[in-house]
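Student: Could you take me through one part of this model up close? I'd like to see how a pair of packed helices sits together and what surrounds the contact.

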Amino acid sequence: MHLDTVRRWRGRFAEARLPGLADRERTGRPPSFTVLQAAQAAALACQLPTETGVPISRWSCLELAREVIERGIATFLSASTVRRWLARGALKPR
C-alpha cells in the first residue's frame, strides 16, 4: 500500500475511531432503477408469457423491457439492462 494511503486511513481513525473507517459518500450518477423495479422485472421473467397475456411463446430481453414499460414498472428500460439484471440473478427468461 502506498504511504499516503496509510497516512490517510490512520488520520481518519485518529479523528473518528472506528466510524471514521466507514465508506464515505461517493460522487457519481445515482442509480436509474430501484431494487424493487429490478425484482419486478425478474419476477415477470419467471412467468410464462401466456400467463401474462402476451402473445409470444418465450420472453426475449427486448420483449421483457417492453412489457416492463407497458406495465408502468419503469418509464424507460433497455434490453441490455434486463439482460444484466437476469444475469446477476442467474435467471433466463422463459
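Tutor: Here is a walk through one helix pair, then the core, then a residue from another helix. Keep in mind that this is a predicted model.

Let's start with the geometry. Two packed helices are described by the angle between their axes and the distance between those axes. Here the pair is H2, residues 35-45, and H3, residues 61-70; they pack at about 120°, with the axes 10 Å apart. That angle makes H2 oblique to H3, because angles of 65 to 115 degrees would count as roughly perpendicular and only those over 145 as roughly antiparallel. As for handedness, H2 and H3 cross in a right-handed way.

Now the side that touches. H2 brings Ala41, Leu44 and Ala45, and these meet Leu64, Glu67 and Val68 from H3. Sorted by type, the residues of this contact are five nonpolar, one charged and no polar.

Two of those H3 names come back when you look at the core. The largest nonpolar core has 17 residues, and Leu64 and Val68 are among those with the most contacts inside it, along with Leu77, Val82 and Leu86. H2, H3 and helix H4 (79-88) are the elements that give two or more residues to this core.

For another kind of setting, go to Arg10 in helix H1, which spans residues 3-16. Arg10 counts as exposed because its relative accessibility is 64%, and the cut-off is over 50%. Eleven residues along the chain from Arg10 is Leu21, and the C-alpha atoms of the two are 9.0 Å apart.

How values were computed. Residues are numbered from 1 along each chain as its sequence is written. This is a predicted model: local features need pLDDT of at least 70, side-chain atom pairs count only at pLDDT 80 or more; totals for chains, interfaces and linings use all residues. Side-chain values use heavy atoms; hydrogens and water are left out. Axes are lines fitted to C-alpha atoms, for helices over the stretch in contact, and angles run from 0 to 180 degrees between N-to-C directions. Helices (H or I, at least four residues) and strands (E, at least two) are DSSP runs, numbered from the N terminus. Angles under 35 degrees count as roughly parallel, over 145 as roughly antiparallel, 65 to 115 as roughly perpendicular and the rest as oblique. A crossing is left-handed if the near helix is turned anticlockwise from the far one by less than a right angle, and right-handed if clockwise. Contact means heavy atoms within 4.5 Å. Ala, Val, Leu, Ile, Met, Phe, Trp, Tyr, Cys and Pro count as nonpolar, Asp, Glu, Lys and Arg as charged, and the others, Gly among them, as polar. A nonpolar core is a set of buried Ala, Val, Leu, Ile, Met, Phe, Trp, Tyr and Cys residues joined through side-chain atoms within 4.5 Å. Buried means under 20% relative accessible area, exposed over 50%, partly exposed in between (1.4 Å probe, protein chains only).
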